[in-house]
Amino acid sequence: MTLQVFLYLAAALFSVGLYGALSQQSIVMIMMGLELMANAVIVAGAAFWYFVSPMRPDGQVVVLVAVTLMALDMAVGFAVTTAIFRRRDVDMTDSAADLKG
């Protein structure tokens, strides 16, 4: 597999995630779109590091840190979404407009 294949995969993931984040009204679906976009960035970064310097473990460490931070970010986001849903019975973005800071 070449670098172009990985970049096409990353572009496809990012496009699907962007469409999902912009077209949905459900908070959970928007967060899923954001996670797809983050995965696309991680795939592109890992592909670049693999093809630029495959013998150095720097890229692997950065990808593992990025995946860990993304998982933590999504866990916190879903916890906040669950708390909002339990408190106000709101699962759409239009209904949660009063949460602006």
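In the predicted model, T81 is found in helix α3, where its relative accessible area of 12% places T81 among the buried residues, because the cut-off for burial is under 20%. When the neighbours within four places in sequence are left aside, T81 is in contact with I27, V28 and M31. Of these contacts, I27 and M31 also appear in the list of buried residues of helix α2.

Helix α2 comprises residues 27-52. At 1.5 Å a residue, its 26 residues should span 38 Å, and the C-alpha atoms at its ends are indeed 38 Å apart, so the expected and the computed spans agree. The buried residues of α2 are I27, I30, M31, G33, M37, A40, I42, A44, G45 and A47, and what covers them includes α1, which runs over residues 3-23, and α3, which runs over residues 58-88.

Viewed as a whole, the protein has three helices and zero strands, and its elements run α-α-α from the N terminus on. Of its 101 residues, 23% count as buried. Among the contacts with a separation of 6 or more, 64% are accounted for by residues 24 or more positions apart. The accessible surface of the protein comes to about 7,200 Å², and carbon and sulfur atoms contribute 69% of that area.

Part of this surface is formed by a nonpolar patch, which consists of V61, V65, L69, L72, V76 and V80 and has about 530 Å² of accessible area together. One of the patch residues, L69, lies in helix α3; with a relative accessible area of 52%, L69 counts as exposed, because the cut-off for that class is over 50%. Helix α3 thus holds both L69, which is exposed, and T81, which is buried.

Aromatic side chains were examined next. A pair of aromatic rings is described by the distance of the centres and the angle of the planes. The count comes to two aromatic pairs. In one of them, the rings of F6 and F51 have their centres 6.1 Å apart and their planes at 55°, so that the pair is classed as tilted. Since F6 lies in helix α1 and F51 in helix α2, this pair ties together parts of the protein that are 45 residues apart in sequence. F6 is partly exposed, with a relative accessible area of 25%, and F51, at 33% relative accessibility, likewise counts as partly exposed. In the other pair, the rings of Y50 and F51 have their centres 5.2 Å apart and their planes at 85°, and the pair is therefore edge-to-face, because an angle over 60 degrees is required for that description. Y50 counts as exposed, at 53% relative accessibility. Together, F6, Y50 and F51 form one aromatic cluster.

With regard to charged side chains, a search of the whole structure finds one salt bridge. This salt bridge is formed by R56 with D58, whose closest N and O atoms are 2.7 Å apart. The two partners differ in their accessibility class: R56 counts as exposed, at 52% relative accessibility, whereas D58 is partly exposed, with a relative accessible area of 40%.

Key
Residues are numbered from 1 along each chain as its sequence is written. This is a predicted model: local features need pLDDT of at least 70, side-chain atom pairs count only at pLDDT 80 or more; totals for chains, interfaces and linings use all residues. Side-chain values use heavy atoms; hydrogens and water are left out. Helices (H or I, at least four residues) and strands (E, at least two) are DSSP runs, numbered from the N terminus. The expected span of a helix is 1.5 Å times one less than its number of residues. Buried means under 20% relative accessible area, exposed over 50%, partly exposed in between (1.4 Å probe, protein chains only). Contact means heavy atoms within 4.5 Å. Patches are made of residues with over 30% relative accessible area and no salt bridge: like charges are joined within 9 Å, nonpolar side chains (Val, Leu, Ile, Met, Phe, Trp, Tyr) within 5 Å. Accessible areas come from the Shrake-Rupley method with a 1.4 Å probe; for residues, only the protein chains shown count as cover. A salt bridge is a side-chain nitrogen of Lys or Arg within 4 Å of a carboxyl oxygen of Asp or Glu. Rings of Phe, Tyr and Trp (its six-membered ring) pair if their centres lie within 6.5 Å; planes under 30 degrees apart count as stacked, over 60 as edge-to-face and the rest as tilted.
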